[in-house]
Amino acid sequence: MAENAVAEIVNLNSDSDEDDGGRGMVQSLASLIENQKVSIGDAATAAPRETLECRSFWKAGENYVIPTGVTPTAPGMLEHARVHPKFLHSNATSHKWAFGAIAELLDNAVDETQNGATFVKIDKINIVKDNTPALVFQDDGGGMDPNGIRKCMSLGYSSKKSNTTIGQYGNGFKTSTMRLGADAIVFSRSTHGGKSTQSIGLLSYTFLRRTGQDDVIVPMIDFDISEDQPQPIIYGSPGDWSTNLNILLKWSPFSTVDELLQQFEDIGTHGTKVVIYNLWLNDEGIYELSFDDDDEDIQLRDENAQDGKRLHAKTLELRSHISYRYRHSLRAYISMLYLKKFKNFKIVLRGIPVQQFNIADEFRYPETVMYKPQAAATEYAASEIKIGFIKEAPKLPINGFNVYHKNRLIRPFWKVLLEGSTRGNGVVGVLEANFIEPAHDKQDFERSSLFLRLEARLKKIISDYWQSHCHVFGYQTAQIPADKSKRIVIPDQPTVNTSNPSPLPCGKFSQGGPIIREISISNATSTRTVAVPAPHLRNSTGLRNNFQPVQLNPQPAATDTTGNNLVGKPASEIREENLQLFLRCEEYKKKENEIEQTVKSLEKELEETKSKCAQLALLVDAKKKEMQQQI
């Protein structure tokens, strides 16, 4: 029945938020089952859920047979432009990164804070039908009525007109769900105009491909829950409603009506739950998302971490930094996804709330720069740019800017300086750029003139900051010349071949000249000047036979203005002093490592305590809801 089904077409007024005006007919679910309008028994014993032949996302659009003919329009219906099911996949390829698709779904939940949402949960469940993993997104926002869920499932429609909402194109839900898996089912409850409803909608690429549809069909059913028992809302005929239900039962993870309705039990009086299943595999045939590496996280597979090679300690430290971890750890990415910390809203990942993180809170030597965009005939407010050294500077070669748009991270650690230079190492900035438009996948900005001007300005800001602060880590700037008063030259006689005692004429020696190596004593190391013959005076065994080193007269002793007078001291005393300084330095490093370990231990204990508090809070909320339902 599902293979030849055509769901009813509901004409919706996109400019109206009013109720359906009585055009829906309410009929009891019991009567539908009793009259065998819904084949519950057949659906419950249906064959295992079908899947696509190709489960790799980047190949799932290939070999799609598009029929040469087009299904004619039903009598009495106007001809209309159609959206072929392949467009669902093509549209989803705008997300090059799975975490970007997850961020889109989080944006929808965050936008619901204006409707009272206090949380969004991201978790993994197992589908009973075939024991496969599925992603679940759930929030306690205002939910969607029958009209709203149809707008959500429509392509390109968006009712978000506020300057504070993140979503604006009406395309994010479709691209994000289809990027994560081949199929998604939506459950939503709301109260609108004094009427409480719950709706179910299915966006299934598998169903459309397996049944050979040439148009995007989205089966939906609605219930009126104003009374004690849910009553189906029928817009056309009972047969249309039954057709939609049968498609849901065959192609969704749930085989019976009871299983469908059970999904509303933890939603409460209002909210939305999205279940994404038939998750995509990578080219190696394993799930793109990893749920087993960390029970409190969802990760992308890091090929670099699995190369089996023994890594240098500095490489391990670099990979432990959030600038690297956010690429593979969803918890790390979400922690920095929103600039301003939420007051009455939390993101719960696999049962544990995500702690929001702003790297600007850890800056060393922080500064604030005000930047006002310049554009013809448009006045923009000044933006605040925070810049500073990360706490790991200068050990880790990390630099760039975290650029946000309307509180949402668009470009993390954007490197505006050229690669391969130590200039800017450890310098990171944070800013909110609401004056430039993000791309549709919200992972980059449109390259407008405003964007190019911002890029040039950020280069100048990071260069100026480095120029004025790099000396604190021992780097030397071009404007500050070396202090030659702290350099001395101690002559030393090298051992050379003296088989020919005849002196070298001064004129011949002056052609190449000696190479003088001068080392500053500011690091408590001695300095010597060595006479080395010019290259044209050397042979394969060392020096030419007619070369005689020139005896250099000792330079006058220079007094160190800082009080460290090393002139005249024997080399043994200098070596001993240098050794003592080295031992003291090692002792300080050891103490620093011990303190860092203590801090990490305390931070771990704090995280565990916070986790326990969060779990207790969830248990208390669940208990309150249970008591309210009993009342």
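Where in the chain does N407 lie? N407 sits in the loop between β15 and β16 (408–414), and its backbone has an unusual feature that we will come to below. The structure you are looking at is a predicted model. A search of the whole structure finds 15 salt bridges, and a few of them make a good place to start.

**Salt bridges and helix α4**

- Side chains of opposite charge can pair when their charged atoms come close.
- One such pair is K442 with E104, whose closest N and O atoms are 3.5 Å apart.
- This pair links distant parts of the chain, because K442 is in the loop between β17 and α13 while E104 is in helix α4, 338 residues away.
- Both partners are hidden from the surface: K442 is buried, and so is E104.
- K442 and E104 also belong to a network of salt bridges that includes D107 and R408.
- Helix α4 covers residues 98–111, which makes 14 residues.
- From its first C-alpha to its last, α4 reaches 21 Å, close to the 20 Å expected at 1.5 Å a residue.
- Helix α4 is mostly covered, with 13 of its 14 residues buried.

**A salt bridge and a nonpolar patch in helix α15**

- Helix α15 spans residues 571–630, and it holds both K591 and E587.
- The side chains of K591 and E587 meet in a salt bridge, at 3.8 Å from N to O.
- How many residues apart are K591 and E587? They are four residues apart, about one turn of the helix.
- An α-helix has 3.6 residues a turn, so residues three or four places apart point the same way.
- K591 counts as partly exposed because its relative accessibility is 43%, which lies between the 20% and 50% cut-offs.
- E587 is also partly exposed, at 43% relative accessibility.
- L579, which lies in helix α15, joins F582 and L583 in a nonpolar surface patch of about 290 Å².
- L579 is partly exposed, with a relative accessible area of 42%.

**More on the charged residues**

- K372 and E379 meet through their side chains in another salt bridge, at 2.7 Å from N to O.
- K372 is partly exposed at 39% relative accessibility, whereas E379 is exposed at 64%.
- D292, D293, D294, D295 and E296 form a negative surface patch.
- Within that patch, D295 lies in the loop between β9 (289–290) and β10 (299–300).
- D295 is exposed, with a relative accessible area of 62%.
- R447 is found in the loop between β17 (427–432) and α13 (449–469), and R447 is exposed at 58% relative accessible area.
- The C-alpha atoms of R447 and I436 are separated by 8.8 Å, and the two residues are eleven apart along the chain.

**Unusual backbone spots**

- Most residues other than glycine have a negative phi, and most peptide bonds are trans.
- N407 is not a glycine, yet it has a positive phi of about 80 degrees.
- Is N407 buried or exposed? N407 is buried, because its relative accessible area of 13% is under the 20% cut-off.
- F413 is not a glycine either, and it has a positive phi of about 50 degrees.
- F413 has its place in strand β16, and it is buried at 10% relative accessible area.
- The peptide bond from A393 to P394 is cis, with omega near 0 degrees.
- P394 is in the loop between β14 (383–389) and β15 (400–405).

Key
Residues are numbered from 1 along each chain as its sequence is written. This is a predicted model: local features need pLDDT of at least 70, side-chain atom pairs count only at pLDDT 80 or more; totals for chains, interfaces and linings use all residues. Side-chain values use heavy atoms; hydrogens and water are left out. Patches are made of residues with over 30% relative accessible area and no salt bridge: like charges are joined within 9 Å, nonpolar side chains (Val, Leu, Ile, Met, Phe, Trp, Tyr) within 5 Å. Accessible areas come from the Shrake-Rupley method with a 1.4 Å probe; for residues, only the protein chains shown count as cover. A salt bridge is a side-chain nitrogen of Lys or Arg within 4 Å of a carboxyl oxygen of Asp or Glu. Lys and Arg count as positive and Asp and Glu as negative; His and the chain ends are not counted. The place of a charge is taken as NZ of Lys, CZ of Arg, CG of Asp or CD of Glu. Helices (H or I, at least four residues) and strands (E, at least two) are DSSP runs, numbered from the N terminus. Buried means under 20% relative accessible area, exposed over 50%, partly exposed in between (1.4 Å probe, protein chains only). The expected span of a helix is 1.5 Å times one less than its number of residues.
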